[in-house]
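Work through the exercises below with the sequence and the structure in view. Each task is followed by a solution in steps.

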Amino acid sequence: ALYMDYPLTPDELLAAAEAALEKTSGELVGLARQIHDGYLREGIKAGSVQPAAELDDGQVVRDIFALLAEDRSTSETLIADSYALADEIVGFVKEKNLLDLPPTSKLRIEDVPPHLQGYAVAQITTAPPFEPELESVWFWDLALLATADDFLKEYNRPTLAMVYIHEGVPGHFVQLEYSNKSERIVPRVFRNGPMVEGWATYIATQLVDEGFTIYSDKPYGYELQQMVDRKLVLRSIMNTIIDIRLHTSDWPEEEAVKMMVGQGFQEQGEAEGKLTRAKLSSVQLSTYFAGHHAILGILDEYKTAKGDAFSYKDFNERLVSAGSPPFFAIREFMLEKD
């Protein structure tokens, strides 16, 4: 209750996550069946891959992600490859007029320092509230990524773009730059976890829904980016499920890994790493889906209230300019008439 300050109880949030799991899984499978035979035409012709009609849903999805995993960075190139995505993502946000952006020159990407190793593959430390002129630093845990090839298979190029969006632009970096502009101290200093992670999760999906893909010149490029987004949404949903079940019931740890690999299509190394993170923390893993779920609810109400005057730019900028308070305050702020 203290960490989340959220409208739903853990049981209610778990029920919402389980419903979203079924819906999002269906969307992912639908996209996979739509492009499987075309995207994997060469493998089918060579006999190394079977046509979708002969496969169950899970194998159809896994076939596509197996080929997509070949387009990935190494631990030595990951930071440079992350920087290389900036111009394309910033250009897309500006083209679609989704919100005004701070200069990305204030965002640095580095290997994680030793005291933060082993907890998360990627994380960001933003400019401090009382020294907002300083840089924000997005950390990759290169040592963790180098422990298993599974990790880098998980972070193919379309996924790397989504991580840049989530951690950097227009995710956490932009969000906290907006907060640091506030004249009031409270919005700069106090941050609600579901709002922080919810914003980054929501805005990443919004970019894809608006047409973003790193494969704009390739067949099935947009569908592949959609599949990556749906897989990451599944990950955030499963974060909530494993966090609540592991900490409030006798749910076996091996069931958590089985769900992430089987239903979430995660690589074994990624799933085992997430289990470790769930055991080293509590509540934080629930914030991604919780925040996304709440923002979408407010968005629906905001669209209804604004009617023809609605624009994503107005909604997005109003949302991040509020700082990161709990959702009872955000909803009131977003829907007030003045």
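**Exercise 1. Strand pairing**

Task: In which sense do strand S2 (residues 122-125) and S3 pair, and over how many bridges?

Solution. S2 and S3 pair in the antiparallel sense, over four bridges. This is read from a predicted model. Within this pairing, Gln123 has Phe139 of S3 as its bridge partner. S3 is also joined to strand S1 (residues 107-111) by five bridges, and S1 and S3 run parallel. Here Arg108 has Val137 of S3 as its bridge partner.

**Exercise 2. Cover of strand S3**

Task: Which residues of S3 lie on one side, which on the other, and are they buried or exposed?

Solution. Start with the strand as a whole: S3 spans residues 136-140, and five of its five residues are buried. Next, sort them by side. Ser136, Trp138 and Trp140 are on one side, with Val137 and Phe139 on the other. Both faces of S3 are therefore covered, as these residues are all buried, that is, under 20% relative accessible area.

**Exercise 3. Classifying aromatic pairs**

Task: Sort the pair Trp199 and Tyr202 and the pair Tyr202 and Phe315 by the angle between their planes.

Solution. The structure holds ten aromatic pairs. For Trp199 and Tyr202, the ring centres are 5.7 Å apart and the planes are at 50°, so this pair is tilted. Both residues lie in helix H11 (residues 193-209), three residues apart, about one turn of the helix. For Tyr202 and Phe315, the centres are 6.1 Å apart with 70° between the planes, which makes the pair edge-to-face. An angle over 60 degrees counts as edge-to-face. Tyr202 lies in H11 and Phe315 in helix H16 (residues 312-321), so this pair ties together parts that are 113 residues apart in sequence.

As for cover, Tyr202 has a relative accessible area of 3% and is buried. Phe315 is buried too, at 0%. Finally, Trp199, Tyr202 and Phe315 belong to one aromatic cluster that also includes Tyr302, Phe310 and Tyr312.

**Exercise 4. Charges over rings**

Task: Over which rings do Lys231 and Arg245 lie?

Solution. The charged end of Lys231 sits over the ring of Phe65, 4.6 Å from the ring centre. Arg245 lies over the face of Trp251, and its distance from the ring centre is 4.9 Å.

**Exercise 5. A surface patch**

Task: Which residues form a nonpolar patch on the surface?

Solution. The patch consists of Phe130, Ile185, Val186, Val189 and Phe190, and together they have about 500 Å² of accessible area. Take Val189, found in helix H10 (residues 185-189). Its relative accessible area is 32%, so Val189 is partly exposed.

Key:
Residues numbered from 1 in each chain as written. Predicted model: local features only at pLDDT ≥ 70, side-chain atom pairs only at ≥ 80, totals over all residues. Heavy atoms only, no water. Phe/Tyr/Trp six-rings, centres within 6.5 Å; stacked < 30°, edge-to-face > 60°. Helix = DSSP H or I, 4+ residues; strand = E, 2+ residues; numbered from the N terminus. Buried < 20%, exposed > 50% of the residue type's maximum accessible area, 1.4 Å probe, protein only. Lys NZ or Arg CZ within 6 Å of the ring centre and 35° of its normal. Patch = residues over 30% accessible without salt bridge, like charges linked within 9 Å, V, L, I, M, F, W, Y side chains within 5 Å. Areas by Shrake-Rupley, 256 points an atom, 1.4 Å probe, with all protein chains shown as cover. Salt bridge = Lys/Arg side-chain N within 4 Å of Asp/Glu carboxyl O. Pairing = 2+ DSSP bridges.
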